[in-house]
Amino acid sequence: MFRLSAASSTAATAAILPTNTLHRSHSNTHFTFLHRNRTPTSSSSAVFCFRVHTSSLRSSFSPITAMAQSQTASAPARQPQSSAPGKKQALISLSDKKDLASLGTGLQELGYTIVSTGGTATALEKAGVSVTKVEQLTYFPEMLDGRVKTLHPNIHGGILARRDQKHHMDALNEHGIGTFDVVVVNLYPFYEKVTSAGGIDFEDGIENIDIGGPAMIRAAAKNHKDVLVVVDSEDYPEILEFLKGNQDDQQFRRKLAWKAFGHVAAYDSAVSEWLWKQTSGDKFPPSFTVPLSLKSSLRYGENPHQKAAFYVDKSLAEVNAGGIATAIQHHGKEMSYNNYLDADAAWNCVSEFKNPTCVIVKHTNPCGVASRDDILEAYRLAVKADPVSAFGGIVAFNIEVDEALAKEIREFRSPTDGETRMFYEIVVAPKYTQKGLEILRGKSKTLRILEAKKNEKGKLSLRQVGGGWLAQDSDDLTPEDIQFNAVSEKKPQENELHDAEFAWLCVKHVKSNAIVIAKNNCMLGMGSGQPNRLESLRIAMKKAGDEVKGAALASDAFFPFAWNDAVEEACQSGIGIIAEPGGSIRDGDAVDCCNKYGVSLLFTNIRHFRH
């Protein structure tokens, strides 16, 4: 039974349906027309339904047209064509026509009749491939500006029919519907359209949502036992080889079906993400899907006994948004699980500094940070902050690596002995000169050289816990976004305030409990990841050594105690200024302690926990 509904004027209704019910016999086909108004208050619209009872759609019959005047289309004046039993058919409908000619030619040489739509059919014919157009099977024209082309029983019946079910095949024979053995479909470029530089208005976005394509893909994937479904042009050669061998490999078919459902799921997730942004300003929808695409299989995870892989986030929000996932690797061994974590930490940290800066990271913590107009000096100072930790770490720059900097990276000796060349796992920067790349490649065969784009602000941060995920805004606040309020009697000098801001920008990238000591745009020491803040302070002061005198100290969270604790020890060591969020019930003790020792104390009212 077909149901066709359309809007029509009253006059047109009268012309087509002079009576409420009409029985007409024509060429062994029985039509029953039903006429009723869509709504009691509407005089300009009507709904028409007709049932078709026939032993074969091959019978000649006159087309019935009931469409809005603005959408009137003529049905072809030829009889419908359906394949005979045993005839091999392939349905091809592509938006991206890459390698279409070779696919069509290959299928035709294997004896397949090619059924196709619109532009795909035209492209195949130009390539010399014989094509049966979809409307020759459906006996109905493309309509509604292309919204309806393949949504028809003559198409979906041929895809979905189970060959091992007699009543399915009897139904196809009764209605003159042929089967499809191969379905090759890809979808309207919705993803590319809505992420294009020029943008797209809402109506254009809606029109780029594919309907018929996903329907055919899902139908073929569901019936993969009998129908090969193809959504990726990279699979064309393998498909043709499979068909040449007349194989019956159900695992191969299941893999194609899995890929097809994944393709549609990723497409639908993009549509859903885009529509949510058009509908609501809330960053956290009731549900959402994150489409991930495998970039590489890794040798192992954090430890050799753990298997691992790396995926790229294909969400619309990540398009051209930068980050390590989309970095270009120019040289070196394949990236490992830990390499990605460390490179991400180094790149996120160095990208937040405006002046030429070098950041060195070990186990996701910055162990050396320095900013200078002379990037060579910045690099040396970053290594000097903790040369033992820097050895075997990740070094990141926020400016181009040229020949001079590359030579310094290659030749610089460790400050611990003045002889050992510094070794690094990764160098990451926004760009490289050709000569700079050549020199770095000569440092080591294994040195990974990454070129990355700065992470955009406002991203959604996701983190997995057992059985669920945590979602939050990324921590994008920098000292420029924060008010440093002096709460002590001693007010900071301009250079002291600058040191505190530099230390504050560093400490947000250190694992909690985090303490950073810095001076003159250089991190002197840091303490990270300790269960109590006092131990982190002592580690940081030990690394800073005698340079702690007059330096700035930043704490990622408030000090719960001051007297005989972290604040007093910092003051006694010679720290000149302390920056912390404040918010403790003992903030008054911290203020009194700093006043006693003549230390400036700043409250930021912003915490930078990092777990």
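Q: Which residue is the bridge partner of I515 in β22?
A: Keep in mind that this is a predicted model. Strand β20 covers residues 515-519, and four bridges join β20 to β22, residues 552-555, with the two running antiparallel. In that pairing, I515 has as its bridge partner S555.

Q: Which residue in β21 does K519 stand opposite?
A: Strand β20 also pairs with β21, residues 522-527. Five bridges hold those two together, and they run antiparallel. Across from K519 in β21 you'll find C522.

Q: Which residue takes a positive phi in the hairpin of β20 and β21?
A: This hairpin has two residues between its strands. One residue there has a phi near 55°, and that's N520.

Q: Is strand β20 largely enclosed or open?
A: Look at burial along residues 515-519: four of the five residues are buried. The rest of the structure therefore surrounds β20, leaving the strand largely enclosed.

Q: Is S528 buried or exposed?
A: S528 sits in the loop between β21 and α18. Its relative accessibility is 18%, and the cut-off for buried is under 20%. So S528 counts as buried.

Q: Which side chain makes a polar contact of 3.5 Å with the side chain of S528?
A: Setting aside residues up to four places away in sequence, S528 touches N365, V510, K511, N513 and S536. The side-chain polar contact of 3.5 Å joins S528 to one of them, N365.

Q: Which strands are the edges of the five-stranded open sheet?
A: The strand order is β6-β5-β4-β7-β8, with parallel pairing. An edge strand here pairs on one side only, and that picks out β6 (132-133) and β8 (228-230).

Q: In β6, which residue does V115 stand opposite?
A: Strand β5, residues 113-116, runs parallel to β6, and two bridges join them. V115 of this pairing stands opposite T132.

Q: At about what angle does helix α2 run to β4?
A: Helix α2, residues 100-109, lies across three strands: β4, β5 and β7. Relative to β4 (89-93), its direction is at about 170°.

Q: Which helix gives the most residues to the largest nonpolar core?
A: That core has 56 residues, and Y379, F397, I517 and I578 have the most contacts inside it. The top contributor provides seven residues and spans 375-385: helix α13.

Q: How many residues are in the other core, the one with V184 and F252?
A: This core lies apart from the largest one. Its members include V184, A221, F252 and V264, and the count is 52 residues.

Q: Are α5 and α9 roughly parallel or roughly antiparallel?
A: Helices α5 (153-160) and α9 (212-222) pack at about 25°, with their axes 8 Å apart. Angles under 35 degrees count as roughly parallel. So α5 and α9 are roughly parallel.

Q: Which residues of α5 make the contact with α9?
A: On the α9 side, A215, M216, A219, A220 and K222 take part. Facing them from α5 are I155, H156, I159 and L160.

Q: Which side chain makes a polar contact with the side chain of N348?
A: N348 lies in helix α12, residues 337-350, and at 24% relative accessibility it counts as partly exposed. Leaving aside neighbours within four places in sequence, N348 is in contact with N455 and H509. The side-chain polar contact, at 2.8 Å, is with N455.

Methods. Residues are numbered from 1 along each chain as its sequence is written. This is a predicted model: local features need pLDDT of at least 70, side-chain atom pairs count only at pLDDT 80 or more; totals for chains, interfaces and linings use all residues. Side-chain values use heavy atoms; hydrogens and water are left out. Buried means under 20% relative accessible area, exposed over 50%, partly exposed in between (1.4 Å probe, protein chains only). Two strands pair if DSSP finds at least two bridges between them. A polar contact is a pair of N or O atoms within 3.5 Å; within protein, one must be able to donate a hydrogen and the other to accept it, and residues adjacent in sequence count only if both atoms are side-chain atoms. Contact means heavy atoms within 4.5 Å. Axes are lines fitted to C-alpha atoms, for helices over the stretch in contact, and angles run from 0 to 180 degrees between N-to-C directions. A nonpolar core is a set of buried Ala, Val, Leu, Ile, Met, Phe, Trp, Tyr and Cys residues joined through side-chain atoms within 4.5 Å. Angles under 35 degrees count as roughly parallel, over 145 as roughly antiparallel, 65 to 115 as roughly perpendicular and the rest as oblique.
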